[in-house]
Amino acid sequence: MMNMIVTPGTCIETTSEYCVSGEGTYEKDGRLYSSLTGRVATTETENGQVYSVQSLRSDNDCDALISVGSTVLCRVTRIQLNQVLLDIIAVNETQQLKVKSKAVIRREDVRLNEVDKVIMAECFKPGDIVRAKVLSLGDARQYYLSTAASEFGVLWALHGETGGIMTPLNWKEMIDPKSNTGKTESRKAAKPN
């Protein structure tokens, strides 16, 4: 495992009394996992072998860290029956990611009430920009996000007919403010400012 490159959620080692979690790792269910993308390193100490993950980025190329509870901006890439797939493009709305991270919003995490009535294709469309909260670091492939609060949801969307940028009108509709038609489109919209 030494010098192996890992991503968040990759199992590094089965823990024992001689195996210690170091920087960039965490322990869960008797195993050590990576909490960031980097190279595995081990160090011998009096307490045992310390496993750590050293970031591949230099200080000058530092990227924003995604953690549980962070607010992220994402672009919708694909809609499925019970989930929507996204690329995370910024953390805390200001720290742009140099490398996009994959994420998913499951049907049960779209809103707080009437979860059984959620239709993913009415809540999101490919290309929508979404503000969401990180629920969990997920697995090595994707983060799990939620829009189940009024401040989370679609911020900007392309109007299907005119191609203009739509903004939230209310919690379930988007409108193109420059269009004279007044037509709206259905979305799980973020609370309008």
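**Exercise 1. Decide whether Pro 192 is buried, exposed or partly exposed, and find what surrounds this residue.**

Step 1. Take the relative accessible area of Pro 192, which is 34%. Buried means under 20%, exposed over 50%, and partly exposed in between (1.4 Å probe, protein chains only). Pro 192 is therefore partly exposed.

Step 2. Place the residue. Pro 192 sits in the segment after strand S16 (184-186). Strands (E, at least two residues) are DSSP runs, as are helices (H or I, at least four), and both are numbered from the N terminus.

Step 3. Look for neighbours. Not counting residues up to four places away in sequence, Pro 192 touches Pro 168, Leu 169 and Asn 170. Contact means heavy atoms within 4.5 Å. The C-alpha atoms of Pro 192 and Thr 167 are 7.8 Å apart, with their positions 25 residues apart along the chain.

A note on the model: it is predicted, local features need pLDDT of at least 70, side-chain atom pairs count only at pLDDT 80 or more, and totals for chains, interfaces and linings use all residues. Residues are numbered from 1 along each chain as its sequence is written, and side-chain values use heavy atoms, leaving out hydrogens and water.

**Exercise 2. Do the same for Asn 92: where does this residue lie?**

Step 1. Asn 92 is in the loop between strand S9 (83-91) and strand S10 (95-106).

Step 2. Its relative accessible area is 41%, so Asn 92 is partly exposed.

Step 3. Leaving aside neighbours within four places in sequence, Asn 92 contacts Ser 70 and Thr 71. Its C-alpha atom is 5.5 Å from that of Val 72, 20 residues away along the chain.

**Exercise 3. Find how the rings of Tyr 26 and Tyr 33 are arranged.**

Step 1. The whole structure holds 1 aromatic pair. Rings of Phe, Tyr and Trp (its six-membered ring) pair if their centres lie within 6.5 Å.

Step 2. The ring centres of Tyr 26 and Tyr 33 are 5.6 Å apart and the planes meet at 20°, so the pair is stacked. Stacked means planes under 30 degrees apart; over 60 is edge-to-face, and the rest are tilted.

Step 3. Check cover. Tyr 33 is buried at 18% relative accessible area, while Tyr 26 is partly exposed at 28%.

**Exercise 4. Describe the fold content of the protein.**

Step 1. Count the elements: 1 helix and 16 strands.

Step 2. Check burial: 41% of the 193 residues are buried.
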